[in-house]
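Welcome! Open the model in your viewer, keep the selection tool at hand, and follow the stops below.

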Amino acid sequence: MRDTGTMQDRMEMAATGRICIVANLKSGRNSRDAAAVDAAAEVLGAEVLACTRPDQLGATLDKAVARRPDIIVSAGGDGTAVATAAKLLGTGIAMAVLPFGTFNYFARGLGLDPDPAEAARQIAAGRIESRRLGQVNGQIFLNNASVGVYPRILKEREAIYRRWGRRRLMAHWSVVRSFLRFRRPMRVRLGTGDGTHHRKTALVFVGRSGFQLARFGLAGGEAIKAGGFAVLVVRAESRGELFRRVASLAAGAVEEGVDYDLIQGDRLDLDLPGKRRMLLAYDGEKRKMEGPLRFAMTEEELRLVMPRERE
């Protein structure tokens, strides 16, 4: 871990224009929060590069990296954060996060205030820590990656958002609709350091966020602290079981060995026998991937700005 200095040191850095904010103005509520981005930029003395369409984010990040700032601040949701992390991994440019998305698990897990201006003050006074990240077939993820019913929920959520707007209530409704359409479980083969596991399940969830697991009362935080993955295999082979597991989750009464099985490690191979391609969800995004899915930690490290309060 390398510390970058005091608040005064950081603000001197900001005054030179070496902090750049990449704002995704279509992330979560962020389309209505341009003023909050400007307020955060004023705190940091930062330049703002904004994009208004998802297909502009990559080019906007490239433009920010070309400026070679000391810090690039991701202003958006978890999807914006993971795109920024993937772009900055191994570059030496530090990454910071301003929470503007729907759930903001990554920013919340870092201990950042939900108010962007206050989060900017935490960044200004922050320290830098180097971290390895989770990856699957080369795709970086920060919070989680999964196959099964959750990627289907994301597809349903996109359709609902297009019609009703990006709101948490609509996100929860997408879960209900996806469960109602659930038909049969997946047959999954999981390869780990201690052998091969065969399961029938509705969802395999690979976690890298201790905050997210703790938030829902799930085990696996120690595996993440140790630098690995918490792999949760949900015990649900029918629609009824799926609803019961979610009801237990909502009530904070989930139990390892009853509602799900936990596998821990820093490597995992996941395959769906008989299926060459599968739909993967990661940090609120989704994409089709060729199997098997190979999970591992990155060799390169991301330099990440952390609030000093965590010390």
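Begin with the cysteines: this predicted model holds zero disulfides. Select Cys20, which is buried because its relative accessible area is 1%, under the 20% limit. Then select Cys51, buried as well, with a relative accessible area of 1%.

**Next stop: a six-stranded sheet**

Show the strands as a cartoon and pick out an open sheet of six strands. Going across it, the order is 7-6-17-14-9-10, and the pairing is antiparallel. Which strands stand at the edges? Select 139-141 for strand 7 and 195-201 for strand 10: each has a single partner strand, so one side of each is left without a neighbour in the sheet. As you rotate the view, look at how neighbouring strands are turned against each other, by 25° on average with direction ignored.

Stay at the strand 10 edge and add residues 186-192, which form strand 9. Strands 9 and 10 pair in the antiparallel sense over seven bridges. To see one spot where they face each other, select Thr192, which stands opposite Gly195 in strand 10.

**Then: a hairpin**

Move on to residues 277-282, strand 15, and residues 285-290, strand 16. Over how many bridges do they pair? There are six, in the antiparallel sense. Select Met278 and you can find its bridge partner, Met289, in strand 16. The two strands form a hairpin with two residues between them. Click on Asp283 in the turn: this residue has a positive phi of about 50°.

**From the turn to Asn144**

Asp283 is also one of the residues that Asn144 touches, so select Asn144 now. Asn144 lies in strand 8, residues 144-148. Is Asn144 buried or exposed? At 6% relative accessibility, Asn144 counts as buried. Show the side chains and look for Gln212: a polar contact of 2.9 Å joins the side chains of Asn144 and Gln212. Other residues that Asn144 touches include Phe205, Val206, Arg208 and Tyr282.

**Last stop: the nonpolar cores**

In soluble globular proteins, nonpolar side chains tend to be buried together. Here the largest nonpolar core has 72 residues, and Leu98, Leu270 and Phe295 have the most contacts inside it. Select Phe295 and display what surrounds it: among the residues Phe295 touches are Val136, Phe141, Ala145, Phe229, Leu268 and Leu270. Finish with a second, separate core of 15 residues, where you can select Ala202, Leu203, Leu213 and Leu232.

Methods: Residues are numbered from 1 along each chain as its sequence is written. This is a predicted model: local features need pLDDT of at least 70, side-chain atom pairs count only at pLDDT 80 or more; totals for chains, interfaces and linings use all residues. Side-chain values use heavy atoms; hydrogens and water are left out. A disulfide is a pair of cysteine sulfur atoms within 2.5 Å. Buried means under 20% relative accessible area, exposed over 50%, partly exposed in between (1.4 Å probe, protein chains only). Two strands pair if DSSP finds at least two bridges between them. Helices (H or I, at least four residues) and strands (E, at least two) are DSSP runs, numbered from the N terminus. Axes are lines fitted to C-alpha atoms, for helices over the stretch in contact, and angles run from 0 to 180 degrees between N-to-C directions. A polar contact is a pair of N or O atoms within 3.5 Å; within protein, one must be able to donate a hydrogen and the other to accept it, and residues adjacent in sequence count only if both atoms are side-chain atoms. Contact means heavy atoms within 4.5 Å. A nonpolar core is a set of buried Ala, Val, Leu, Ile, Met, Phe, Trp, Tyr and Cys residues joined through side-chain atoms within 4.5 Å. Lists of a residue's contacts leave out its neighbours within four places in sequence.
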